[in-house]
Structures are given as structure tokens and as C-alpha cells.
Amino acid sequence: MYEEIEAVLDEHVRPLLRTHGGDMEVVEVKDGVVRFKLKGKCAGCPAADLTTEELIQTTLMEHLPQIKQAILVQDISDELLNEARTILKMLHGG
């Protein structure tokens, strides 16, 4: 199943993401649900939810009927988290 998903993404999704300086990584496939992260310039993009629904989920479901949903997993990089901590400490006299 994982190989089929990667093949569909390589052919139909990743080329479009790369035109925006991004990419994606499949994190988990379980019970017809694909969990993934966006990478590069697509990570944290305000249009990420739209990208998920309109492009990734629709494409996967169209080519692989056993896929029921695609879920974007968002996480914060350590660099961004440390920057936020520094700003909060400055704001609160730390």
C-alpha cells in the first residue's frame, strides 16, 4: 500500500508542490488514512489545509479507492519554537 501511495504522490502531487518550493512526506498509513507532513516552503503555508483537501486527499482517493482520508500533521521546528521562547522571555522581562 505504501508503495502505491508514493507512486501516486510522485506522479500527481509532488510535481505541483515542487513548483511552490515544497514537498511532502508520508508519516503513517493506517486503516485507509494517510497522515503526512508538508515540507519546504509548503510547511506552515496558510493554504496548507486547502492543499490537503483539494490536491492531496482528492488525488489519493481518486487513484486509490481504499484511501478514505488524508490528514496533514503539523509540527513546529525546534528553531521556530526556540525563537518563540526567546521573544516571550523578552516580552515578559526574562
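How many residues lie between β1 and β2 in their hairpin? Keep that question in mind while you get your bearings.

**Before you start**

This is a predicted model, in which local features need pLDDT of at least 70 and side-chain atom pairs count only at pLDDT 80 or more, while totals for chains, interfaces and linings use all residues. Residues are numbered from 1 along each chain as its sequence is written, and side-chain values use heavy atoms, with hydrogens and water left out.

**Stop 1: the whole chain**

Show everything as a cartoon and colour by secondary structure. You will find 3 helices and 3 strands, arranged along the sequence as α-β-β-α-β-α. Helices (H or I, at least four residues) and strands (E, at least two) are DSSP runs, numbered from the N terminus.

Now switch to the C-alpha trace. Along its principal axes the trace spans about 55 × 30 × 20 Å. The radius of gyration is 16 Å, whereas a compact globule of 94 residues would have one near 12 Å. That radius is taken over C-alpha atoms, and the globule rule is 2.2 Å times the number of residues to the power 0.38.

Next, turn on the surface. The accessible area of the chain is about 6,500 Å², and carbon and sulfur atoms hold 53% of it; such areas come from the Shrake-Rupley method with a 1.4 Å probe, and for residues only the protein chains shown count as cover. Of the 94 residues, 30% count as buried. Here buried means under 20% relative accessible area, exposed over 50%, and partly exposed in between (1.4 Å probe, protein chains only).

If you like charge maps, colour the 10 positive and 17 negative charges: their mean positions are 7 Å apart. Lys and Arg count as positive and Asp and Glu as negative, with His and the chain ends not counted. Each charge is placed at NZ of Lys, CZ of Arg, CG of Asp or CD of Glu.

**Stop 2: the hairpin**

Select residues 22–30 (β1) and 33–40 (β2), which pair in the antiparallel sense over 8 bridges. Two strands pair if DSSP finds at least two bridges between them. Back to the opening question: the hairpin has 2 residues between its strands.

Zoom in on Asp31, in the loop between β1 and β2. Its phi is positive, about 55°, although Asp31 is not a glycine. Is Asp31 buried or exposed? Asp31 counts as exposed because its relative accessibility is 62%.

Step back to Lys30 in strand β1. Lys30 is exposed as well, at 52% relative accessible area, and stands opposite Val33 in β2. Draw a C-alpha distance from Lys30 to Ile67: the two are 37 residues apart in sequence and 9.4 Å apart in space. Further along the hairpin, look for Val26, which stands opposite Phe36 in β2.

**Stop 3: Val33 and the step to β3**

Select Val33, in strand β2. Val33 counts as buried because its relative accessibility is 17%. Leaving aside residues up to four places away in sequence, Val33 touches Glu28, Gln69 and Ile71, where a contact means heavy atoms within 4.5 Å. For a long view, draw the C-alpha distance from Val33 to Glu83, 50 residues along the chain, and you should read 33 Å.

Now add residues 69–72, strand β3, which pairs with β2 in the parallel sense over 4 bridges. Val33 stands opposite Gln69 in β3, and Phe36 stands opposite Leu72.

**Stop 4: the two faces of β3**

In a regular strand the side chains alternate between the two faces of the sheet. Show the side chains of β3: Ala70 and Leu72 are on the covered face, and Gln69 and Ile71 are on the uncovered one.

Finish on Leu72, in strand β3. Leu72 is buried, with a relative accessible area of 16%. Which residues does Leu72 touch, not counting those up to four places away in sequence? They are Phe36, Lys37, Leu38, Ala48, Asp49 and Thr52. One last distance to draw runs from Leu72 to Leu9: 63 residues apart in sequence, and 14 Å from C-alpha to C-alpha.

To close, return to the full contact map: among contacts with a separation of 6 or more, 49% join residues 24 or more positions apart.
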